[in-house]
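Please open the model in your viewer and keep the sequence panel beside it, since each stop on this tour begins with a selection.

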Amino acid sequence: MTKLFKYEKETIINWNEAENLASIYTFNASLKRRLAEFNQRYPLLCRLERSTPEGSVTYVLDKSRLSVRLIPPYNEERKAAASAYAREHGFQVVTQEEKTA
C-alpha cells in the first residue's frame, strides 16, 4: 500500500439524469463520517458500496437526498458584525498569518 498525497485524495460525485442514484467516492474524513451516519440512520436510502485499504469509500444514495450548497462570500458589513459579535462574546480572532505560523 502506497501513501497517497493530499492532492490524490479526491472526492468524486457521479450523478446522471437517467438514474435515481448518485455515487460518492471520497477520502474526506468529515464526509466519510457524515455518509456513515446517514447510512446507519437511513439504510434504504444510502449504502456503502466499497471501501479501500488506502482510506477511500464509495457510497451510493438516492439522489433526492443529495444537494450542493453554494455560499456567497460575506460582505464587509456582515464581516464587521460577525467580528463585533465575536469580540463581545469572547471569541478569539485568528488571522491568516497566525494560521500559517
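Which residue in S4 does Ala-22 stand opposite? Select Ala-22 together with S4, and you will find that the residue opposite Ala-22 is Leu-61. Please bear in mind throughout that this is a predicted model.

**The whole chain**

Before going further, colour the protein by secondary structure, which shows three helices and four strands, arranged along the sequence in the pattern β-β-α-β-β-α-α. Of the 101 residues in the protein, 17% are buried. If you display contacts between residues at least 6 apart in sequence, 44% of them join residues at least 24 apart.

**Strand S4 and its partners**

Select S4, residues 57-62, and then add S2, residues 21-26, to see two strands that run antiparallel and are joined by six bridges. Now add S3, residues 46-51, which also runs antiparallel to S4 and is joined to it by five bridges. Within this second pairing, Arg-47 has Val-60 as its bridge partner in S4, while Ser-51 is partnered by Val-57. S4 is largely enclosed by the rest of the structure, because five of its six residues are buried.

Stay with S2 for a moment and select Ser-23, which is found in that strand. Is Ser-23 buried or exposed? With a relative accessibility of 18%, Ser-23 counts as buried, the cut-off being under 20%. Leaving aside its neighbours within four places in sequence, Ser-23 is in contact with Ile-12, Ile-13 and Asn-14, and also with Thr-58, Tyr-59 and Val-60.

**The loop between S3 and S4**

Next, select the five residues that lie between the strands of the S3 and S4 hairpin, where Gly-55 takes a positive phi near 115°. Thr-52 has its place in this loop, and because its relative accessibility is 17%, Thr-52 counts as buried. Show side chains here, and a polar contact of 2.7 Å can be seen joining those of Thr-52 and Ser-56. If you then draw a distance from the C-alpha of Thr-52 to that of Phe-27, the viewer should give 9.8 Å, although the two residues are 25 apart in sequence.

**The nonpolar core**

Hide the loop and select Ile-24, Leu-35, Cys-46, Val-57, Tyr-59 and Leu-61, the six residues of the largest nonpolar core. Which strand gives the most to this core? S4 does, with three residues. As general background, nonpolar side chains in soluble globular proteins tend to be buried together. Centre the view on Cys-46, which, not counting residues up to four places away in sequence, touches Leu-35, Phe-38 and Asn-39 as well as Tyr-59, Val-60 and Leu-61.

**Helix H1**

Now select H1, residues 29-41, whose 13 residues should span 18 Å at 1.5 Å a residue; the end C-alpha atoms are 18 Å apart, which agrees with that expectation. At the start of H1, look at Asn-28, where a side-chain oxygen reaches to within 3.1 Å of the backbone nitrogen of Ser-30.

**The aromatic pairs**

For the last stop, show the aromatic side chains; how many aromatic pairs does a search of the whole structure find? The search finds two. In one of them, the rings of Tyr-25 and Phe-27 have centres 5.8 Å apart and planes at 85°, so the pair is edge-to-face. Tyr-25 counts as partly exposed because its relative accessibility is 25%, whereas Phe-27, with a relative accessible area of 11%, is buried. Phe-38 and Tyr-42 also form an aromatic pair, which is tilted, with 4.9 Å from centre to centre and 45° between the planes. In this tilted pair, Phe-38 counts as partly exposed at 24% relative accessibility, and Tyr-42, at 34%, counts as partly exposed too. With Phe-38 still selected, you can return to Cys-46, since Phe-38 is among the residues that Cys-46 touches.

Notes
Residues numbered from 1 in each chain as written. Predicted model: local features only at pLDDT ≥ 70, side-chain atom pairs only at ≥ 80, totals over all residues. Heavy atoms only, no water. Pairing = 2+ DSSP bridges. Expected span 1.5 Å × (residues − 1). Polar contact = N/O pair within 3.5 Å; in protein donor to acceptor, adjacent residues only side chain to side chain. Buried < 20%, exposed > 50% of the residue type's maximum accessible area, 1.4 Å probe, protein only. Contact = heavy atoms within 4.5 Å. Core = buried A, V, L, I, M, F, W, Y, C linked by side-chain atoms within 4.5 Å. Phe/Tyr/Trp six-rings, centres within 6.5 Å; stacked < 30°, edge-to-face > 60°.
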